[in-house]
There are 4 protein chains.
Amino acid sequence: MLVVMRHDATEQEVRGVVQVIEELGYQARPMPGRQRTSIGVVGNDGRVDASRLAALAGVVEIIHVTKPYKQVSREWRPESTVVRLPGGLAVGGDEIVVMAGPCSVETERQIIEAAIAVRDAGATVLRAGAFKPRSSPYAFQGLGVSGLALLKRAREESGLLIVTEAMDPEGVDLVAEVADIIQIGARNMQNYSLLKKAGRAAKPVLLKRGLSATIQELLLAAEYLLAEGNQNVILCERGVRGFDPSTRNLFDVSAVPVVHTLSHLPIIADPSHGTGRRQMVLPMARAAVAAGADGLLVEVHPHPEHALSDGAQSLDPVEFRQLMHDTRLIAEAIGRSITEPTGVRT
Amino acid sequence: MLVVMRHDATEQEVRGVVQVIEELGYQARPMPGRQRTSIGVVGNDGRVDASRLAALAGVVEIIHVTKPYKQVSREWRPESTVVRLPGGLAVGGDEIVVMAGPCSVETERQIIEAAIAVRDAGATVLRAGAFKPRSSPYAFQGLGVSGLALLKRAREESGLLIVTEAMDPEGVDLVAEVADIIQIGARNMQNYSLLKKAGRAAKPVLLKRGLSATIQELLLAAEYLLAEGNQNVILCERGVRGFDPSTRNLFDVSAVPVVHTLSHLPIIADPSHGTGRRQMVLPMARAAVAAGADGLLVEVHPHPEHALSDGAQSLDPVEFRQLMHDTRLIAEAIGRSITEPTGVRT
Amino acid sequence: MLVVMRHDATEQEVRGVVQVIEELGYQARPMPGRQRTSIGVVGNDGRVDASRLAALAGVVEIIHVTKPYKQVSREWRPESTVVRLPGGLAVGGDEIVVMAGPCSVETERQIIEAAIAVRDAGATVLRAGAFKPRSSPYAFQGLGVSGLALLKRAREESGLLIVTEAMDPEGVDLVAEVADIIQIGARNMQNYSLLKKAGRAAKPVLLKRGLSATIQELLLAAEYLLAEGNQNVILCERGVRGFDPSTRNLFDVSAVPVVHTLSHLPIIADPSHGTGRRQMVLPMARAAVAAGADGLLVEVHPHPEHALSDGAQSLDPVEFRQLMHDTRLIAEAIGRSITEPTGVRT
Amino acid sequence: MLVVMRHDATEQEVRGVVQVIEELGYQARPMPGRQRTSIGVVGNDGRVDASRLAALAGVVEIIHVTKPYKQVSREWRPESTVVRLPGGLAVGGDEIVVMAGPCSVETERQIIEAAIAVRDAGATVLRAGAFKPRSSPYAFQGLGVSGLALLKRAREESGLLIVTEAMDPEGVDLVAEVADIIQIGARNMQNYSLLKKAGRAAKPVLLKRGLSATIQELLLAAEYLLAEGNQNVILCERGVRGFDPSTRNLFDVSAVPVVHTLSHLPIIADPSHGTGRRQMVLPMARAAVAAGADGLLVEVHPHPEHALSDGAQSLDPVEFRQLMHDTRLIAEAIGRSITEPTGVRT
């Protein structure tokens, strides 16, 4: 950490800062410059609260050198984390896992039809929401607990693993009973009560990046999960808020290599929410795999024109087969492969 | 709602869209243009889910004319809502309410000292967090339930009303026992489980705008509260995510007149979080009042250099007196006034 | 400047960086930390090109402490610059200058009518474009040279000073013959050929902030003008690109106090482009003055419903009188005043 | 175009809008809704200036259905444009063109060494700046005209084509004499004097997307070039302004498929500026090709640690060979190929 002083800071103000740094248990290293003095804080373990220093007389700015997260960082654990799932699946290794399915569970028929369609095309995890966070209180909010029961049925019928969202601490227990992966949605990335609960769950967590979260904020949210003891965390890029209405979100593909540089955790990509437009899902799925994504999360609906939510960004089964075909070739081009389904997993 | 067709959409595709619109119970009004056909949806009450239409063959885009919110809109209720508080205070009328205090409750001495300082300078509501959402799991997270007890003490000592944050559904009950206003923080603006719970509470709610929430999303979040029956909602602008590191957030003063145009709900402004820099709080507080804000939320700490959180943006009592002085003059210039403290309120 | 090394950087890599810093003529001050070593660069006068250091082995990041601009900074010149204009007008002192007029010069009758209307309401400078940068090549691009002649006529008729835009180096000469202030538009803030030419002109320059320019970039663009010898520079906040379609731009009122902190140059505000909506111009003009703006730039058209450009954000003369009335009161509340017209200026 | 009326607009106000629409030569089609009336404008050819309508009494909003650009749109010309270059090169067909080289021309030795290195690795066009737009007036601004002479030498020595930037109208003539492609930089995307001049040049133009330009604005800027008669336009995504400091820009890979949907013009990608970090250039180059980019623009310096500008994002020749290897495999995976050098081109 570097404390930057005003250009007209007095000797006494500099000494005041040095004293507080030392009170906090660190060493202070003043560096007089031509225009101003800066003071290095040596021995910082990443937990110094800059607030106290920032409020001192003569201080202009605090610059952080050490990252504020710890357990999620690659410096803490150099080898990449591989999250193990039932049936031998793994996220974060050489194989790329494709998770696909409709936005919401709607009916038994719909979810089973969807599950079989995506499995037959090559997906290994079924995604679908029982609890749906929606901007409007009047929009379809999901089937809730009965949706979870239908997901259980779909798991039995298709042999696919299940990833589905929990929206509050109570939901974590309900979802953990049925799902193989607990999803935390973008709107809840900084819902700390929810993160703490999921950090104590016995299932892996898929943590989606918030709509305007920096990578550092995403990693700090993941740090909440690891700090509670859950090491099985999969990050997910799903588009950030941009200024251009030509796509629903700005799909930040570069988040994939940035996360791989800073953290040992795997990161997958959701080109459906990331773009919000059906015709862009295929090229952006290819881009994400080419950039090194450890998996894909794709919205597929057996009949998008009848979907109760997000029909505009859902692929139909034929389009999804094309996506699987193309991304298999891209994966091979970079020396990886797509995990293939192998029957019922338990 | 307007459904825009591709320029090469067929007659049959246009008929397909018309048919679905009619199935949904609305009238379709096709408008052939030189380059493309658009189809107006007549009779839309703001609840049509565009998803199904967006997924139809030949459709390029759905354009919304009717706003998706309802009870919060000024069209629904033309007169401005005035939220009544104990002791005769009101937010949303001619008077401007100033809420001030430290970021966090730290000790009994600190909170009482702060309460008396801000009251003596002219604040009528004490703000301070017992539960603190923090980006890092290692940062000070607030005193929790014992912080609420200290707030109760401060209320008794100072006669100020209390606004403090609830972070999860359980927290709503705890906070509602002590506070006069339940705050929902920016990170939780789309935490729907929390919103639904607060919408059933018997206390007014202060809803802060999310870090990258559009005004429409803010109003939709407020709609959740009204839809559950709580009409006493105060909105709060507190800065959005910008691209310029010269301020911590981009304080969107224009949110004030935009909200006043679209909604009957009062909106206050938080120049402390809005800018993140102590020396900018005063000019931006003046700007917010000049723009028509119905109140201010200001961080004041008796000793900012010892604050456990957000010291860099906290005013000391002397600076806060200056802020009160300046904003009183601005309020008068636009024909309003600052609510003055009148002793213990109950 | 601080050079941050990778956590696993070798001794040799650290020595390599130290050596290059010394080759560049500065002192290196290594600071070993628990997690990584950082190296302070002492004696930096703000002109070190970080590129060479950033490319060295083992370097993770370069952190700038010294600002890259110089002559525009308040550290270089502590007293605020006052830009003197003909007729005794001054921008940057206690008085606030209001510049108003239509988006474009359209006809002799229109511009003279507009000039007299804004003068009678209290404006002292007439704004109107002869050369108009437009996103579409098919939109009205201004009258060009004949528009300048009409501005000259309007100046004679009304006694107002003139501010109008130059779009390219040749335009600077043409505009400088007629105008009292040469405007450089937001789209051209980083058009360096234009800046250099305007920096050699004998007239003051009004430099508008680019649509996504940071304050530092705005100050660096101004530095181009000062570096060429033109000290009479007025900055202008006119809204930045945001994510919320509820306003055309995000009017960053906080730019006013930020600029006042970092630079000695005056800054005015343009609430018309800043918001893009007529009904928001009045409250945001009040907010800008309350925040400390040294002037206002306001679009006023005698008949907005017939304007060839930007009618949606133009005030009519009645609305503009209201704006003048309100901002006079705000100015007084903060101890300033609005410059009043005093007849023909020459 | 759709004119949305206020919910309380009077019959007379609706008639007023209808009348103006008809005066402008279009048909008006009013659509009364439950909450408000909207009025469709039929026969709009994309050139209606909305300003006049937006200023009418009772109007709340203007919604555009027809795109404001024309000649660049795929609806105007359904087949993709292929820009032909000397030596049989083509941008926009099945082959992907790689343009590589240093940020700036520095010395004869440097530019020839760079040219041969990138040619030997497989590039077919040499990129390097003689005129450099720099944020700071004190940064290295390029060698200017003598840099152009060195580029001519490098062309002769290496057989590579040349792309280099023109910063102002005069520069267009100078650059056009030497270069095979005239580059217009991101900061100048809306420098209309420059665009008009380049639109009359006899050489193809590479138009980089502005730092916060929407795709629509990029296409409108290209429309300026086509409107002046230059059909040989190559667009370039190079990163937009984002909120996350973990990359220098936010590389918007999705711009590639969006442009391909809306326009017939080819689009290439610049992962060097797009990310600003050397270690991210390779994965993001792969991603851009996978998304369908028609070419790459890559910064390569023979000795990045000695570069006068942008060393931090320049690859060295070894890294660039790896990039060529990887992107060849990605190109093949999607049925395309990288254009291979074939000796001196004239």
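User: What makes B:Arg6 and B:Asp8 a salt bridge?

Analyst: The term needs a side-chain nitrogen of Lys or Arg within 4 Å of a carboxyl oxygen of Asp or Glu. Between B:Arg6 and B:Asp8, the closest N and O atoms are 3.0 Å apart, so the pair meets the 4 Å limit. Chemically it's the usual story: side chains of opposite charge can pair when their charged atoms come close. Bear in mind that this is a predicted model, where local features need pLDDT of at least 70 and side-chain atom pairs count only at pLDDT 80 or more, while totals for chains, interfaces and linings use all residues. As for conventions, residues are numbered from 1 along each chain as its sequence is written, chains are lettered from A and ligands numbered from 1 in written order, and side-chain values use heavy atoms, with hydrogens and water left out.

User: Why does B:Asp8 count as buried, partly exposed or exposed?

Analyst: Buried means under 20% relative accessible area, exposed means over 50%, and partly exposed is in between (1.4 Å probe, protein chains only). B:Asp8 has 44% relative accessibility, so it counts as partly exposed. Its partner B:Arg6, with a relative accessible area of 40%, is partly exposed too.

User: What does the salt bridge between B:Arg278 and B:Glu319 tie together?

Analyst: It joins two helices of chain B: B:Arg278 lies in α10 (residues 278-291) and B:Glu319 in α11 (residues 317-333), so the link is between parts 41 residues apart in sequence. Helices here are DSSP runs of H or I with at least four residues, strands are runs of E with at least two, and both are numbered from the N terminus. The N to O distance between B:Arg278 and B:Glu319 is 3.6 Å. B:Glu319 is partly exposed, at 28%.

User: How far apart along the chain are C:Arg127 and C:Glu299?

Analyst: They're 172 residues apart, with C:Arg127 in strand β8 (residues 125-127) and C:Glu299 in strand β14 (residues 295-299) of chain C. Their closest N and O atoms are 3.7 Å apart, which makes a salt bridge, and both residues are buried. Over all chains the structure holds 70 salt bridges. A:Arg209, A:Glu237, A:Asp252 and D:Asp244 are linked in a network of them.

User: How do you know that the length of helix α11 of chain D agrees with what it should span?

Analyst: The expected span is 1.5 Å times one less than the number of residues. For the 17 residues of α11(D) that gives 24 Å, and the end C-alpha atoms are 25 Å apart, so the two agree.

User: What caps the N-terminal end of α11(D)?

Analyst: D:Asp316 does, with a side-chain oxygen 3.1 Å from the backbone nitrogen of D:Val318. A polar contact is a pair of N or O atoms within 3.5 Å; within protein, one must be able to donate a hydrogen and the other to accept it, and sequence-adjacent residues count only if both atoms are side-chain atoms. After α11(D) comes D:Gly335, with a positive phi near 80°. The buried residues of α11(D) include D:Phe320, D:Leu323 and D:Ile330.

User: Why is B:Thr339 called buried or exposed?

Analyst: Buried, because its relative accessibility is 5%. B:Thr339 is found in the segment after β15 (337-338) of chain B, and its side chain makes a polar contact with the side chain of B:Glu95 at 3.0 Å. Contact means heavy atoms within 4.5 Å. Beyond four places in sequence, the contacts of B:Thr339 include B:Leu89, B:Val97 and B:Thr124.

User: What makes D:Ala115 buried?

Analyst: A relative accessible area of 0%. D:Ala115 is found in helix α3 (residues 108-121) of chain D. Leaving aside neighbours within four places in sequence, D:Ala115 is in contact with D:Leu126, D:Ala154, D:Ser158 and D:Leu160.

User: How are the two copies, chain C and chain D, related?

Analyst: A rotation of 180° with 0.0 Å of shift along its axis superposes C on D, at RMSD 0.0 Å. The copies are thus related as by a two-fold rotation axis. In chain C, the C-alpha nearest that axis belongs to C:Ser212, 3.0 Å away. Superposition is by least squares on the C-alpha atoms of residues with pLDDT of at least 70 in both copies.

User: And how do you know which surface the copies meet through?

Analyst: 100% of the interface residues of chain C are also interface residues in chain D, so the copies meet through the same surface.
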